[in-house]
Amino acid sequence: KMAAAGPAAGPAAAAGLWSEVNRCGQNGDFARALKSVNKILQISKDDVTALQCKVVCLIQNGNFKEALGIINTHTKVLTSDIIAFEKAYCEYRLNRIESALKTIQSASQQTDKLKELYGQVLYRLERYDDCLAAYRDLIRNSQDEYEEERKTNLSAVVAAQSTWENVVPEDLGLREATYELCYNSACALIGQGKLNEAMKKLQKAEAFLLFALICLQDVTEEDIEAELAIIHGQMAYIMQLQGRTEDALQLYNQIIKLKPTDVGLLAVIANNIITINKDQNVFDSKKKVKLTNAEGVEHKLSKKQLQAIEFNKALLAMYTNQADQCRKLSASLQSQSPEHLLPVLIQAAQLCREKQHAKAVALLQDFADQHPANAAEIKLTMAQLKIAQGSVTKACMILRSIEELQHKPGMVSALVTMYSHEEDIDSAIEVFTQAIQWYQQFQASQTRGANMKGCPKSPVHLSLIREAANFKLKHGRKKEAISDLEELWKQNPKDVHTLAQLISAYSLVDPEKAKVLSKHLPSSDTMSLKVDVDALENSHGATYVRKKAGKLTGDNQQKEQGQGEVKKKKKKKKGKLPKNYDPKVTPDPERWLPMRERSYYRGRKKGKKKEQVGKGTQGSTTAGSSELDASRTASSPPTSPRPGSAAAVSATSNVIPPRHQKPAGAAATKKKQQQKKKKGAKGGW
């Protein structure tokens, strides 16, 4: 009976389970729905609908790996036509982007869901042109409640093109009614270098987001700051590009203190702080670099962002004297991007820090030979290293080997300066000659209608000829300079400046020729300039302004008329004498010296009752102690004098001790000072 009841009870139980799955799915309780689906699969393990429902439940619960495992283990039942979207979505969420693309492309029917996912996959693969076409097709052929999200994704693609591919974005005509659209528009403007406009867009996006968050209930201030972090991070980046590094650094640190959950945002901010620090504050940079190593960062950022972070890691290793780490990182970068310049330049810089300049130059030379397209920049670096070593001539040889730059005015100027420093005038003149010949060939090709690649539209050889002539005159090559100046004058016979130079040069070689040429100079009447001197002096920006003459009085007019009249001398003021000055007393000749430097200075008394204690080691006596001992003198009384007797002795004696020989009036001055102190002492402490 139990065996017979089993099959009969099976369909009834499955029906109840399906009802439970349906109810839980509508309520969003996918955990309970998954339990019911598992019970159904126990009854029928190959039920296609049950397997499909289980995959959906696992996806809704975030178990993408398990869902993909079920799809791969039931390939016979779950064919690509049935479950292509779910499989591609699991692969996309597991960051298997290439696999997701293959799954989408292999699907027999391209549904709207697959097209949406296809656009996301193309964006992650940085195939922005294809992604833009996919989203345009979606917006054109669909009308539902997700239209705003599609427009947001479309604006994100345009912003990425502007930022990473330097493509001028086209006006899509999108109404910036959300903070996402404003933010993406700001990113596109940053890519174009329109920083002020981008900052205004970010402020508008901030206002939109702030209003939306305030309208929500139970939103704390910390939640609002966390949501605004991505906008504030972009604002700080604009400040950094504008040179406001202090403001940018402050805003970056505020965002880090909030500890946002977006590891990509933290990595970008940490990298930007490292670029501000450069070779300073390396300990802070070493802390910040840990944020760039967080798990999942490689899936949040673009390839160029990740590459920039790796470059900065290598540079930080170099600044912190981690030579092995620097070489390891730069070698890894070079293997990933063999044609990129920065890894090789970092390796060369590290070798230079280790005083291995020869190896650095050899490394750069090998790279230039392997990548001729980037040879110019590498050779410029090589020349800089040679100059640092003092090999200026070798540096000039390297610079002259750069064919696409050797005729440029800047390169010609640099070479001439370097050769002049080495006193190699012939080589400097040769540089001028080659550059002039190149521009003359270009001018001839212009007249023939030819188009030489890399040539400017207007020749500059005339200015080079003038500079060459000036250089030759400076270094005594007068005849060569005269030929250059004659060519210039033939090109423009009305050029008075060139004619004057030519006459000046001929005056040193052939004075008669100079006289003949001077006849071509315009007369002084034609060269006189009609200039209002008063208006020029009174104009805004004049460095010298003549003072306007005031009205002259009668006395002043007489003085102005008398040219030979001598100016009156100013009377000298009499110096003030001190109040206690006595003309009968001779002033102290040492009164201008400080008190300590005067001959009669004997130090300050520290106390009347204190004895004179000699300096030196404990118990020692000074050399003059015997002279100061009054007991040893014959005239001294046997006992110390009583109070008052000293006054009698001093009264009968006419000898004044040296320390009492002070300037006249000193005692009176001292009494006055004491009286003032007594008056000022009122009020106590």
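Start by selecting N271 in this predicted model. Setting aside neighbours within four places in sequence, N271 touches T292, A308, I309 and N312. Colour those four contacts and keep them on screen. N271 itself sits in helix α15. Is N271 buried or exposed? N271 counts as buried, because its relative accessibility is 9%, and the cut-off for buried is under 20%.

**Next stop: the cavity**

Keep N271 selected and add I274, V289, T292, I309, N312 and K313. Together with N271, these residues line the largest cavity. T292, I309 and N312 may look familiar, since N271 is in contact with each of them. The space inside the largest cavity is about 30 Å³, and the structure has 1 cavity of 30 Å³ or more. Which elements give two or more residues to the lining? They are α15, running from 263 to 277, and α17, running from 303 to 319. Show both helices as ribbons, and look at α17 with care: the largest share of the lining, 3 residues, comes from α17. If you colour the lining by residue class, you will find 3 nonpolar, 3 polar and 1 charged.

**Along helix α21**

Now move to residues 375-389, which form helix α21. How far apart are the end C-alpha atoms of α21? They are 21 Å apart, and this agrees with the expected span of 21 Å, because 15 residues are counted at 1.5 Å a residue.

Within α21, select A375, A376, I378, K379, M382, A383, L385 and K386, and you have its buried residues. As you turn the view, it helps to remember that an α-helix has 3.6 residues a turn, so residues three or four places apart point the same way. To see what covers the buried residues of α21, bring up neighbours including α19 (342-353), α20 (357-370) and α22 (392-400). Then step just past the end of α21 to G390, where the backbone takes a positive phi of about 90°.

**Last stop: two cysteines**

Finish by selecting C326 and C352. C326 is buried, because its relative accessibility is 0%. C352 is buried too, with a relative accessible area of 16%, which puts it under the 20% cut-off. How many disulfides does the structure hold? The count is 0. For a reader new to the term, a disulfide is a covalent bond between the sulfur atoms of two cysteines.

Conventions:
Residues numbered from 1 in each chain as written. Predicted model: local features only at pLDDT ≥ 70, side-chain atom pairs only at ≥ 80, totals over all residues. Heavy atoms only, no water. Disulfide = S-S within 2.5 Å. Buried < 20%, exposed > 50% of the residue type's maximum accessible area, 1.4 Å probe, protein only. 1 Å grid on protein atoms, 1.4 Å probe; cavity = no way out; pocket = protein on both sides within 12 Å on 5 of 7 lines; lining within 4 Å. Points joined across faces, edges and corners; volume = space filled by probe spheres on them. Helix = DSSP H or I, 4+ residues; strand = E, 2+ residues; numbered from the N terminus. Nonpolar A, V, L, I, M, F, W, Y, C, P; charged D, E, K, R; others polar. Expected span 1.5 Å × (residues − 1). Contact = heavy atoms within 4.5 Å.
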